[in-house]
Amino acid sequence: MEVWASQLFNGLSLSSILLLTALGLALSFGLMNVINLAHGEFIMIGAYTTYALQQVAAHYTGDPQSGITFLIAIPVSFIMAAAAGYLVEVSVIRFLYRRPLDTLLATWGVGLFLQQLARSIFGAPNVQVVAPAWLSGTVSVTSGLLLPMKRIFIIGLVLACLGALYLYMYRSNEGRRMRGVMQNREMASSLGVSTRRVDSFTFALGSGLAGVAGCALTLIGPIGPSLGTFYIVDAFIVVILGGLGQIPGTIMAALIIGMLNTVFEFGTTAVVGKVLVFAMVILFLQWKPAGLMRARGR
Amino acid sequence: MISRLSLPNAVKGLPLPSWLGDVASVWLAPILVLAALVAAPLLLSDFRVALLGKFLTFAILAMSLNLIWGYAGMLSLGHGVFFGLGGYAMAMFLKLESAGGKLPDFMFWSGLTELPFFWAPFQYAWIAIPMTFVVPAALAGGLGYLVFRSRITGVYFALITQALALIVSILFIGQQPYTGGTNGITNYTTIFGFAINSPTTQIVLYYATLATLALTYLLCAWLIASRFGRLLVAMRDDENRVRFSGYNPAALKTIVFALSAGIAGVAGALFTPQVGIISPTMMGIVPSIEIAIWVAVGGRGVLLGAIVGAILVNGAKSGLSESFPAIWQYFLGLLFIGAVLVFPSGIMGLLRGEGWRRPEWLAADRLPGFAARVLPGVKR
C-alpha cells in the first residue's frame with residue numbers, strides 16, 4: 001500500500017513537470033499553430049540559469065546550498081527563458097505562422113544552435129546543481145510512507161505556476177486579448193488587438209514556463225546541453241492527447257501520461273512502460289482523434 | 001513531375017527531333033549524376049569510395065522520405081527507424097554467418113545460451129534479405145493504418161513518427177541480449193563467403209548500392225508519373241477533394257508510407273555491410289530528423305533533389321564535423337532554419353530557375369485538414 005502511494009506520488013511529480021513543459025507548447029500551438037521543437041532548449045536554458053546563478057552565489061558567499069539562491073533562480077530562469085523565447089519568436093518564428101511543418105524544422109535548427117551554444121559555454125559533460133538544504137529532507141506521512149521534500153516542492157511550484165497562468169489568462173487585459181486572438185484572430189485584429197504583440201508575448205510566456213520547468217528539473221538530477229530532448233517528446237504526446245491548444249485537456253493529459261508512465265514502469269521496466277503509453281495514446285486517438293478535449297466548432 | 005532542367009541554349013539550337021529534347025530535359029541531369037557516380041571509384045581512394053557508398057545508402061533513404069514528404073505531403077520524423085530495422089535485419093544475417101553456427105558473441109556475453117527463435121530464420125539469405133523490406137514496411141503499414149484511419153495528418157503525423165523514433169531506439173538499447181544494446185551489432189567477417197573488409201567486396205557493395213539507387217529512382221519516377229502518383233500529389237494539395245472524388249486517402253497513404261519505409265529498410269540493409277555496424281544511434285530522433293534536412297536542401301518534391309541533398313549535406317558533415325565539431329553543429333542548426341526560410345525550394349529549385357520562391361504547395365495559409373477542423377479561428 002505504501003509502495004503504491006509513493007509511486008503515485010512520484011507519478012504526480014512527473015506529471016507536474018510534464019505539464020509545465022506541455023503548457024508552453026499548447027499555448028504556442030493553440031495561438032499561432034507553431035510546433036516548437038526548440039521548447040526543450042528553453043528547459044535547458046532555465047536549468048543552466050539556475051546552475052550559473054548558484055555558481056556565482058557560491059563564489060561570493062561560499063555557501064553552495066544557500067536556500068535563497070534557489071528561490072531567486074526560479075524567477076530568473078523564467079525571465080531568461082522568456083527573453084530567449086522572445087528573441088526566437090521575432091527573429092525566426094514570426095515568418096512561419098500557419099506553416100506548422102516548416103516551424104517544426106526551423107525550430108529544430110534553433111534547438112541545435114542553442115544546444116551547441118550551451119556546450120560551448122558550459123562544456124559537454126553534465127553538471128549538478130546542489131539542492132538547498134531545506135529541500136533535502138523527507139516528510140513522513142505514515143510510518144512507512146516518506147515523501148521527498150523536493151518532489152513536494154515541485155508539485156507546489158507547478159500549482160503556483162498554474163494559478164498564475166489562470167490569473168493572467170482570465171483576469172488580466174493582456175490575457176483577455178490573448179484568448180481573443182486564440183478564438184478568432186481576424187476579429188480580434190479588427191477590434192484593435194495587436195496580434196503581433198500578443199503572439200510574441202505568448203511565445204515568451206510559454207518559453208518562460210519551460211524555463212521554470214528546467215529550474216525544477218535541477219532538483220531531480222544532473223543537467224546537460226541535451227536535457228530538453230528527453231522531455232520534449234513526452235510533452236508533445238501530452239499535447240496531442242490533450243487536444244491541441246486546449247489548456248484543460250493538457251492538464252488532464254499530463255496527469256494521465258505521468259501516472260501511466262509511473263504505473264507501467266513499476267509493473268515492468270521504464271522502456272516497456274514508454275512503449276505501452278505510446279501504444280495506448282495511438283489507440284485512444286482511434287476513438288477520439290481530436291484528443292481529450294476539442295475546441296467547440298463554430 | 002520529374003525534374004526538368006532547362007537545357008543550355010547550345011543544345012536547344014541543334015537540329016534535333018523534339019522528342020529527343022524532351023527525353024534529354026527529363027533524363028539529362030539524372031544520367032549525368034549517374035555517370036559521375038559510376039566513374040567515382042576509378043578516381044577516388046578506397047576510403048573516399050567507402051564514404052561515398054555510405055552516402056549513397058543515405059541517398060536512397062532520402063529518396064524514400066522525399067516520396068512521402070515531397071509528393072504526398074507527409075513528413076515522417078521516424079524514417080531512421082525503418083532504415084535501422086532494415087540494417088538490423090541485414091546485421092542479423094551477417095552476424096549469424098560470421099558466427100558460423102555458434103551463438104553470436106554479444107549474446108554469449110549477455111548470458112544467453114541459445115539463439116532466440118526470431119533470430120533463427122535470419123541465417124538464410126532468402127529470408128533475411130526480403131525481411132529488410134518487409135519488416136519496416138509492415139511496421140509502417142500497421143502504424144500508418146491506425147494513424148491515417150483516424151485522419152491524423154500534418155504535424156500530428158510528424159510528432160507521432162518522432163515518438164516512434166524515440167521509442168524504438170530506447171527499445172533496442174534496452175534489449176541488450178537480443179539487439180546488442182547501445183553497441184549494436186558489429187564485427188562481421190564475411191558476406192556470402194567473401195571477406196567483408198576486402199577492397200573488392202567493398203567495390204561490389206558500392207556498385208550494388210548504386211544499382212539499387214538507380215532502380216529506386218526509376219521506381220519512384222514511374223510511380224509519380226502514374227495515376228497513383230497524381231493521387232499522391234492531389235492528396236498533398238487537397239485531401240478532402242480526393243476523398244470526395246471517391247478515393248480513400250487513408251488506404252493510399254498507408255500504401256505509400258509502407259512502401260517508403262520498405263525502401264528505407266533496403267537502404268539500411270546496404271548500409272550495414274559497408275559501414276560494418278548498425279546501432280540504435282542510427283534510429284533515434286536526431287538522425288531521423290536529419291534525413292528531412294537532406295531532402296529540404298536538395299529540393300522537396302524533386303526526385304534528384306533527395307540524392308543531391310543527401311550527398312552534399314553528408315559530404316559537408318564529414319568534412320566539417322571531424323575537424324570542427326562545434327562549427328558543424330551551428331552550421332546544421334542554421335541549415336535547418338535556412339532551408340525553411342531562405343531557400344525553401346532547395347538546390348534543385350535554384351537550378352531550375354525557381355529562384356528563392358517557395359513552391360506553391362508550401363505557401364503560407366495552407367493547413368492540414370485535421371488542424372483546420374480542430375483549431376478555432378484558423379481558415380483553410
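Student: What area do chain B and chain A bury between them, and what percentage of it is on carbon and sulfur atoms?
Tutor: This is a predicted model. In it, 54 residues of chain B are in contact with 48 residues of chain A. The area that the two chains bury between them is about 4,700 Å², and the part of it on carbon and sulfur atoms is 75%.

Student: Which helix gives the largest share of the side of chain B that touches chain A?
Tutor: Across this interface the rule finds two residue pairs in polar contact. On the side of chain B, the elements that give two or more residues are helices H6 (125–149), H7 (154–174), H13 (285–298), H15 (325–341) and H17 (369–374) of chain B. The largest share, 13 residues, comes from H7(B).

Student: How do the residues on the side of chain B that touches chain A divide into nonpolar, polar and charged?
Tutor: The side in question includes residues from H6(B) and H15(B). Its residues divide into seven charged, seven polar and 40 nonpolar.

Student: Which residues form the salt bridge across the interface of chain B and chain A?
Tutor: Side chains of opposite charge can pair when their charged atoms come close. The rule finds one salt bridge across this interface. Its closest N and O atoms are 3.3 Å apart, inside the 4 Å cut-off. The pair is B:Arg300 with A:Asp102.

Student: How many salt bridges does the structure hold over all chains, and why does the pair B:Arg300 and A:Asp102 join two chains?
Tutor: Over all chains, the structure holds eleven salt bridges. B:Arg300 is in the loop between H13 and helix H14 (303–323) of chain B, while A:Asp102 is in helix H4 (residues 100–122) of chain A, so the pair joins two chains, B and A.

Student: Within chain A, are H1(A) and H6(A) parallel or oblique to each other?
Tutor: Helix H1 (residues 2–32) and helix H6 (residues 173–183) of chain A pack with their axes 7 Å apart, at an angle of about 55°. An angle of 65 to 115 degrees would count as roughly perpendicular and one under 35 degrees as roughly parallel. The two helices, H1(A) and H6(A), are therefore oblique.

Student: Which residues make the contact of H1(A) with H6(A)?
Tutor: The residues of this contact divide into five nonpolar, one polar and no charged. H1(A) contributes A:Leu27, A:Gly30 and A:Leu31, and H6(A) contributes A:Met178, A:Val181 and A:Met182.

Note on methods
Residues numbered from 1 in each chain as written. Chains lettered and ligands numbered in written order. Predicted model: local features only at pLDDT ≥ 70, side-chain atom pairs only at ≥ 80, totals over all residues. Heavy atoms only, no water. Axes fitted to C-alpha atoms, helices over the stretch in contact; angles between N-to-C directions. Helix = DSSP H or I, 4+ residues; strand = E, 2+ residues; numbered from the N terminus. Parallel < 35°, antiparallel > 145°, perpendicular 65-115°, else oblique. Contact = heavy atoms within 4.5 Å. Nonpolar A, V, L, I, M, F, W, Y, C, P; charged D, E, K, R; others polar. Buried area = accessible area lost by both parts, 1.4 Å probe. Salt bridge = Lys/Arg side-chain N within 4 Å of Asp/Glu carboxyl O. Polar contact = N/O pair within 3.5 Å; in protein donor to acceptor, adjacent residues only side chain to side chain.
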